[in-house]
Amino acid sequence: MFSHVPLGTALRNAGHQVMMTVSLDELIPVVAGVGLPVVRITDPNVSAREIIARDSRLMQIPEDPIAREQQSGRWYARLEAVTLDALQAFTQDWHPDVIIGGMSSYAAPLLAKRLGVPYVRHAWDIHDPKLLDLGATEELQAELAELGLDSLPEPDMMIEITPPSLRPSGASSAQMMRWIPGNTQCRLESWMYKRGAGARIGVTIGTGVASYNQYDFLQAIVENVKAVDAEVVVPVTDDALVVLKDRLTDVRAAWVPLDILAPTCDVLVHQTGGSTMMTALSYGVPQVLIPDPSLHRANAMARRLVEAGAAISLTPEQATSEAIAKSCQEIISDPRYAAAAGALAEEIATLPLPSEVARRVEWVVHEYAGRHD
């Protein structure tokens with residue numbers, strides 16, 4: 001959701017109406033908190049797990065990361081398919097001129113096709129969605145057939161935020177856009193944006209610590225990082241902080257907006273979350289990545305940053321106290337990591353701003369209308 005905030009805000013600032021639809025109650029205050037209108041389009045009495053459980057094929061979790069990535073595409077596709085009727089009912093009351101969907105928002109192209117409006121696909125991070133799309137296409141055959149299609153519709157515009165040097169050779173043409181962090185904010189204390197004289201290391205595993213019971217995982221990483229002679233800051237949501245406040249000692253821990261923290265860090269340690277990675281890159285911060293070996297997406301992104309010289313990647317098994325501390329110290333001591341991350345930040349800074357891309361979305365709408373008059 002955070003990835004959509006800059007463009008959504010730019011479109012509103014250009015005078016357009018914007019509506020963001022969500023599937024979960026917990027996202028409603030988050031969307032409202034970043035200043036965008038929000039509508040829930042799923043049955044609050046039916047969970048995502050219950051939807052997936054309706055088909056035994058979807059209950060399988062492959063061990064192979066590539067097979068699991070394709071299965072993820074099927075999961076996203078089925079969760080999206082059940083929203084189509086509610087989305088169409090919503091658009092009878094509020095008719096959009098364009099549908100903008102994220103990388104796994106597979107209802108977006110189908111809804112756009114139903115309504116006869118252009119579809120814009122919006123990248124969330126540097127991940128290539130080909131495997132997800134394969135799984136989604138398999139899962140959505142009935143929905144596609146209803147529209148006279150046998151594959152997912154191509155977007156009328158593809159918005160890409162990957163720094164150009166990280167894009168694979170032969171990548172399709174896209175509308176590039178500068179990454180601007182869209183995370184929520186809070187009342188700031190000076191330590192959040194002001195670093196001390198020594199090194200500073202940020203440690204985060206995202207906003208799902210409480211939801212996914214990741215307390216032990218986060219605490220173990222923090223304890224390992226503390227072996228380095230540096231200030232350690234842990235941005236963590238308030239619900240998780242209740243549990244962690246007595247477990248995280250000698251570190252700064254609170255909900256710190258990542259776009260405030262990242263520019264103050266010499267290193268950011270995290271589990272390879274896409275938005276976290278992009279926010280760090282946009283400020284030229286090198287990273288220590290600890291991707292889950294079973295997740296193709298996280299490992300593919302980690303490899304690209306390592307190859308660019310802007311990160312060190314460790315498996316959870318490799319991420320011992322000595323290895324994490326050594327990796328952080330290596331990045332702090334070797335200026336080549338900061339130089340590589342800084343070069344990627346310069347690439348990001350030269351890309352078109354969301355305000356410019358908002359104007360190009362307008363052109364897509366006008367051109368589409370001209371072709372379909």
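This is a quick tour of the sheet, the nonpolar cores and the salt bridges in this model. Keep in mind that the model is predicted.

Let's start with the sheet. Four strands make up an open sheet, running 3-4-5-6, with parallel pairing. The edges belong to strand 3 (99–102) and strand 6 (175–176); each has a single partner strand, so one side of each goes without a neighbour in the sheet. Strand 3 pairs with strand 4 (residues 119–122) in the parallel sense, over 4 bridges. Within that pairing, Ile100 sits opposite Val120 of strand 4. Packed on the sheet is helix 17 (residues 354–371), which touches strand 5 (157–160) and strand 6. The direction of helix 17 makes about 170° with that of strand 5.

Now for the cores. The largest nonpolar core has 32 residues, and those touching the most other members are Leu7, Ile159, Met277, Met278, Leu281 and Leu305. At least two core residues come from each of helix 1 (5–13), strand 5, helix 13 (274–282), helix 14 (296–307), helix 16 (335–349) and helix 17. Take Ile159: leaving aside residues up to four places away in sequence, its contacts are Leu7, Val120, Arg121, His122, Ala123, Gln175, Met177 and Val357. A separate core of 31 residues lies apart from this one, with Val232, Val234, Ala240 and Cys328 among its members.

On to the charged pairs. The model has 19 salt bridges, including these:

| Pair | N to O distance | Citation |
|---|---|---|
| Arg40 and Asp25 | 2.6 Å | |
| Arg121 and Asp133 | 2.8 Å | |
| Glu362 and Arg359 | 2.9 Å | |

What does the Arg40 and Asp25 pair tie together? Arg40 lies in strand 2 (residues 38–40), while Asp25 is in the loop between strand 1 (20–22) and helix 2 (27–33), so the bridge joins parts 15 residues apart in sequence. Arg40 is partly exposed at 22% relative accessibility, and Asp25 is partly exposed at 42%.

Are Arg121 and Asp133 buried or exposed? Arg121 counts as buried, at 11% relative accessibility, and Asp133 is buried too, at 16%. Arg121 is in strand 4 and Asp133 in helix 7 (residues 130–139), so this pair ties together parts 12 residues apart in sequence.

Glu362 and Arg359 stay within helix 17, 3 residues apart, or about one turn of the helix. Here Glu362 is buried at 15% relative accessibility, whereas Arg359 is partly exposed at 42%.

Finally, salt bridges also link Asp55, Arg57, Arg78, Glu139 and Glu143 into a network.

Terms used:
Residues are numbered from 1 along each chain as its sequence is written. This is a predicted model: local features need pLDDT of at least 70, side-chain atom pairs count only at pLDDT 80 or more; totals for chains, interfaces and linings use all residues. Side-chain values use heavy atoms; hydrogens and water are left out. Two strands pair if DSSP finds at least two bridges between them. Contact means heavy atoms within 4.5 Å. Axes are lines fitted to C-alpha atoms, for helices over the stretch in contact, and angles run from 0 to 180 degrees between N-to-C directions. A nonpolar core is a set of buried Ala, Val, Leu, Ile, Met, Phe, Trp, Tyr and Cys residues joined through side-chain atoms within 4.5 Å. Buried means under 20% relative accessible area, exposed over 50%, partly exposed in between (1.4 Å probe, protein chains only). A salt bridge is a side-chain nitrogen of Lys or Arg within 4 Å of a carboxyl oxygen of Asp or Glu.
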